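The following exercises practise the reading of a protein model. Attempt each task before turning to its solution.

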Amino acid sequence: MIIEIDFNSEEALYLQLRNQIILGIATARIREGDELPSVRQLAEDIGINMHTVNKAYTVLKQEGFVKVDRRRGAVISIDADHIEAIEELRGNLKVLLAKGICKNISREEVHALIDEIYKDYGGLD
């Protein structure tokens, strides 16, 4: 698993790690049932604190992307609650679209961006 962390970014390291894992799932580089490295191993590989990795794993668990198994550690397990996922996406999109409107980004530009990103994840033919 390749994780890219930008130590110069203002975004918190645990959020960068969380986002990298979610992107890995979306692009099928990480699949349902895959085991994530142990907290200690990933912290060592990336060069960050174990508590940072643990926080990222905790957030992923809370968001329904991983389950923690005593024997296997953190395992990718996608939460199948579709309605809840749509409501979460709706809330996030409201803010993003409001920002876009404030910057005069047109509906057509938003749709083109969504299609482009969705296609990157294998969602469009």
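**Exercise 1: A salt bridge between two loops**

At 39% relative accessibility, Arg 72 counts as partly exposed. Buried means under 20% relative accessible area, exposed over 50%, and partly exposed in between (1.4 Å probe, protein chains only). The model is predicted: local features need pLDDT of at least 70, side-chain atom pairs count only at pLDDT 80 or more, and totals for chains, interfaces and linings use all residues. Residues are numbered from 1 along each chain as its sequence is written, and side-chain values use heavy atoms, with hydrogens and water left out.

Task: State which side chain meets that of Arg 72 in a salt bridge, and where the two residues lie.

Solution.
Step 1. A salt bridge is a side-chain nitrogen of Lys or Arg within 4 Å of a carboxyl oxygen of Asp or Glu. The partner of Arg 72 is Glu 35, at 2.9 Å from N to O.
Step 2. Arg 72 lies in the loop between strand 1 and strand 2 (73-76), and Glu 35 in the loop between helix 1 and helix 2 (39-46), so the pair ties together parts that are 37 residues apart in sequence. Helices (H or I, at least four residues) and strands (E, at least two) are DSSP runs, numbered from the N terminus.
Step 3. Glu 35 is partly exposed, with a relative accessibility of 48%.

**Exercise 2: The surroundings of Glu 63**

Task: Describe where Glu 63 is placed and which residues it touches, leaving aside those up to four places away in sequence.

Solution.
Step 1. Glu 63 sits in the loop between helix 3 (50-62) and strand 1 (66-69). Its relative accessible area is 26%, so Glu 63 is partly exposed.
Step 2. With residues up to four places away in sequence not counted, Glu 63 is in contact (heavy atoms within 4.5 Å) with Arg 18 and Ile 22.
Step 3. The side chains of Glu 63 and Arg 18 form a salt bridge of 2.8 Å, N to O. Arg 18 belongs to helix 1 (residues 13-26) and Glu 63 to the loop between helix 3 and strand 1, so this pair ties together parts that are 45 residues apart in sequence.
Step 4. Arg 18 counts as buried, at 17% relative accessibility.
Step 5. The C-alpha atoms of Glu 63 and Ala 85 are separated by 9.4 Å, the two residues being 22 apart along the chain.

**Exercise 3: A pair within one helix**

Task: Explain how Glu 87 and Arg 90 are placed in helix 4.

Solution.
Step 1. Glu 87 and Arg 90 are three residues apart in helix 4 (residues 82-102), and therefore separated by about one helical turn.
Step 2. Their side chains meet in a salt bridge of 3.5 Å, N to O.
Step 3. Glu 87 is partly exposed at 45% relative accessibility, and Arg 90 is partly exposed at 44%.
Step 4. The structure holds three salt bridges. Side chains of opposite charge can pair when their charged atoms come close.

**Exercise 4: The chain as a whole**

Task: How many helices and strands does the chain have, and in what pattern do they follow along the sequence?

Solution.
Step 1. The chain has five helices and two strands. Along the sequence, the pattern is α-α-α-β-β-α-α.
Step 2. The C-alpha trace spans about 50 × 35 × 25 Å along its principal axes.
Step 3. Of the 125 residues of the chain, 23% count as buried.
Step 4. Among contacts with a separation of 6 or more, 50% are between residues 24 or more positions apart.
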